[in-house]
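Please look over the sequence and the model shown here. The report describes how parts of the chain pack together.

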Amino acid sequence: MVATISVVESCQPSRLLDAAGAMAASAASLNAQIAEQRRQLDALRTHWQGDASTAAIAKGEADLTVQQAVHTKLTKYAAALRYGGTNLDALRSQILAMAAQATALGGRVNDDGTVIGNLRYSVMSPRLAGAYTASLTAMLSMFTAVDAATSTALQTGGPVPQTPPPADVHWTEDDLYRGGRDGDPQGSDVKQAAGGDCYVVAARRGVPRADPQVV
């Protein structure tokens with residue numbers, strides 16, 4: 001089920017970042033304990049020989065194996081929480097800002113992200129409303145996908161999705177709007193840079209496609 005604007009508004013993704021920080025701190029503390037126990041085992045190997053030493057070292061190595069597995073899980077959980085918190089919080093801000101903008105322009109924003117315009121009373125033409133609808137529904141779908149990916153990573157301990165590398169794009173002052181009719185802006189003018197903000201890029205592409213003069 002795709003998230004709605006009211007669901008996005010009521011959630012608090014920043015709490016995930018708080019949890020990620022706490023879990024990362026626990027992982028760091030455990031890692032320090034593991035390092036100290038390894039130093040103690042190394043000293044034991046150097047200064048104590050015999051069956052008792054062998055048994056103690058074996059027990060210590062077994063304990064370290066368990067602790068290392070816990071450290072790995074904590075690290076993966078922290079990464080998943082950080083991924084979810086960072087992306088969901090950014091998406092939440094963009095969704096709510098775009099919904100507020102559409103409302104300020106005279107549109108009626110439904111909970112599913114569809115926007116209805118009325119040119120008689122505002123600048124929100126049907127075409128512009130369609131662009132806002134496309135952007136909001138795309139971001140709501142992205143919010144749902146990120147939430148699901150975060151949940152899966154937490155349940156399975158698997159990796160979180162990675163942002164693809166940005167395209168190598170170079171701009172000059174002569175070609176801000178490339179390829180449009182009579183220099184008009186178009187959706188393909190919007191390019192993603194190094195930030196993981198594909199949801200923002202998708203939203204910004206919808207407006208010039210519907211009504212270039214708005215840009």
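The text below covers the nonpolar cores, one pair of helices and one arginine.

This is a predicted model. Its largest nonpolar core has 24 residues. The members that touch the most others are Ile-95, Val-115, Met-124, Tyr-132, Leu-136 and Phe-143. Three helices each supply at least two residues of this core, as listed here.

| Helix | Residues |
|---|---|
| Helix 1 | 5–10 |
| Helix 3 | 51–104 |
| Helix 4 | 126–156 |

Helix 4 gives the most to this core, namely ten residues. Leaving out residues up to four places away in sequence, Leu-136 touches Ile-95, Met-98, Ala-99, Val-109, Gly-113 and Val-115. A second core, separate from the one above, is made of eight residues, among them Ala-27, Ile-34, Leu-41 and Leu-74.

How do helix 2 and helix 3 lie relative to each other, roughly parallel or roughly antiparallel? Helix 2 spans residues 14–47, and its axis comes within 8 Å of the axis of helix 3, with a crossing angle of roughly 160 degrees. Angles over 145 degrees count as roughly antiparallel, so helix 2 is roughly antiparallel to helix 3. Their crossing is left-handed. Sorted by class, the contact between helix 2 and helix 3 holds 20 nonpolar, 13 polar and five charged residues.

Arg-38 lies in helix 2. Its relative accessible area is 38%, so Arg-38 is partly exposed. Apart from neighbours within four places in sequence, Arg-38 is in contact with Glu-61 and Leu-64. Arg-38 and Leu-64 are separated by 26 residues in sequence, while their C-alpha atoms are 8.0 Å apart in space.

Terms used:
Residues are numbered from 1 along each chain as its sequence is written. This is a predicted model: local features need pLDDT of at least 70, side-chain atom pairs count only at pLDDT 80 or more; totals for chains, interfaces and linings use all residues. Side-chain values use heavy atoms; hydrogens and water are left out. A nonpolar core is a set of buried Ala, Val, Leu, Ile, Met, Phe, Trp, Tyr and Cys residues joined through side-chain atoms within 4.5 Å. Buried means under 20% relative accessible area, exposed over 50%, partly exposed in between (1.4 Å probe, protein chains only). Helices (H or I, at least four residues) and strands (E, at least two) are DSSP runs, numbered from the N terminus. Contact means heavy atoms within 4.5 Å. Axes are lines fitted to C-alpha atoms, for helices over the stretch in contact, and angles run from 0 to 180 degrees between N-to-C directions. Angles under 35 degrees count as roughly parallel, over 145 as roughly antiparallel, 65 to 115 as roughly perpendicular and the rest as oblique. A crossing is left-handed if the near helix is turned anticlockwise from the far one by less than a right angle, and right-handed if clockwise. Ala, Val, Leu, Ile, Met, Phe, Trp, Tyr, Cys and Pro count as nonpolar, Asp, Glu, Lys and Arg as charged, and the others, Gly among them, as polar.
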